[in-house]
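Open the model in your viewer and keep the sequence panel in sight. The stops below say what to select next and what is there.

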Amino acid sequence: MGQQRIEIDKEFPFPVSDLFNHLSEHENLSALFAPAKVRRVKEGDVEPNGVGSVRRLSLPLTPAFEETITEFERDRRIAYRITKGSPLRDHHGVMVFSETAGGSRLHYTIVFKGKLPLIAAVIKPVLDRAIRKGLNDLRL
């Protein structure tokens with residue numbers, strides 16, 4: 001099993017700036033990645049949650065891992081990579097934000113491979129389901 005890909009395209013009834021502000025705040029991602037707890041452990045170079053910032057994700061019964069923000073364009077784009085821990089490798093996530101007539105759209109793509117055979121294939125449906133549920137339940 002090679003590279004896995006999760007792709008989510010979802011519209012929201014609130015302004016793109018509100019969506020971006022909410023999803024760029026590391027601690028707010030706990031709802032998206034439930035049951036993971038997310039907290040910022042290092043501030044970014046220019047903005048607290050911007051490029052260079054690091055967030056730690058802790059899941060029950062597993063070691064914590066860290067993601068580092070690699071791109072941050074306000075109200076448009078956030079990209080990140082896993083940089084410490086995790087049974088995944090070559091993990092890269094990108095959130096692209098855009099305006100719609102009724103609010104905003106998020107196009108969210110995550111690609112990754114497993115460090116061990118089959119691990120990525122096992123993680124993909126769990127991660128996909130958790131993110132979709134978190135986005136469907138999102139209230140600002």
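**Stop 1: threonine 100**

Select threonine 100, which sits in strand 6; strands here are DSSP runs of E with at least two residues, helices are DSSP runs of H or I with at least four, and both are numbered from the N terminus. This is a predicted model, in which local features need pLDDT of at least 70 and side-chain atom pairs count only at pLDDT 80 or more, while totals for chains, interfaces and linings use all residues. Residues are numbered from 1 along each chain as its sequence is written, and side-chain values use heavy atoms, with hydrogens and water left out.

Is threonine 100 buried or exposed? Threonine 100 counts as buried because its relative accessibility is 19%, where buried means under 20% relative accessible area, exposed over 50% and partly exposed in between, using a 1.4 Å probe and protein chains only.

Now show the side chain of threonine 100. One of its polar atoms lies 3.2 Å from the backbone nitrogen of serine 104. Not counting residues up to four places away in sequence, threonine 100 touches Glu11 and Arg105; contact means heavy atoms within 4.5 Å.

**Stop 2: the turn after strand 6**

Select strand 6 and strand 7 together. They run antiparallel and are joined by 11 bridges; two strands pair if DSSP finds at least two bridges between them. Threonine 100 stands opposite glycine 103 in strand 7. The two strands, 6 and 7, form a hairpin with 2 residues between them.

Go next to glycine 102, in the loop between strand 6 and strand 7. Its relative accessible area is 57%, so glycine 102 is exposed. What does glycine 102 touch, not counting residues up to four places away in sequence? The answer is Phe12 and Pro13. Add proline 15 to the selection: glycine 102 and proline 15 are 87 residues apart in sequence, with 8.3 Å between their C-alpha atoms.

**Stop 3: two buried residues of strand 6**

Move to methionine 95, also a residue of strand 6. With a relative accessible area of 2%, methionine 95 is buried. Leaving aside neighbours within four places in sequence, methionine 95 is in contact with Leu23, Leu29, Leu32, Arg76, Arg77, Ile78, Leu106, His107 and Tyr108. For a distance label, pick aspartate 9: methionine 95 and aspartate 9 are 86 residues apart in sequence and 9.8 Å apart from C-alpha to C-alpha.

Then select histidine 91 in strand 6. Histidine 91 is buried as well, with a relative accessible area of 6%. Outside the four places on either side in sequence, the residues that histidine 91 touches are Glu67, Tyr80, Arg81, Ile82, Ile110, Val111 and Phe112.

**Stop 4: strands 4, 5 and 6**

Add strand 5 to the view. Strand 5 pairs with strand 6 in the antiparallel sense over 5 bridges. Arginine 77 stands opposite valine 96 in strand 6, and alanine 79 stands opposite valine 94 in strand 6. The hairpin of strand 5 and strand 6 has 3 residues between the strands, and glycine 85 in the turn has a positive phi of about 75 degrees.

Add strand 4. Strand 4 and strand 5 are antiparallel partners over 7 bridges, and glutamate 66 stands opposite lysine 84 in strand 5. These strands, 4 and 5, form a hairpin with 3 residues between them, where aspartate 75 in the turn has a positive phi of about 65 degrees.

**Stop 5: the largest pocket**

Finish at the largest pocket, which holds about 480 Å³ of space. Of the 23 residues that line the largest pocket, those closest to its centre are Leu59, Phe65, Ile123, Val126 and Leu127. A pocket is an open set of points on a 1 Å grid over the protein atoms alone, where a 1.4 Å probe fits, with protein on both sides within 12 Å along at least five of seven lines; lining residues have an atom within 4 Å of a point. Grid points are joined across faces, edges and corners, and the volume is the space filled by probe spheres set on the points.

Which element gives the most to the lining of the largest pocket? Select helix 2, which gives 5 residues.

Technical notes
Polar contact = N/O pair within 3.5 Å; in protein donor to acceptor, adjacent residues only side chain to side chain.
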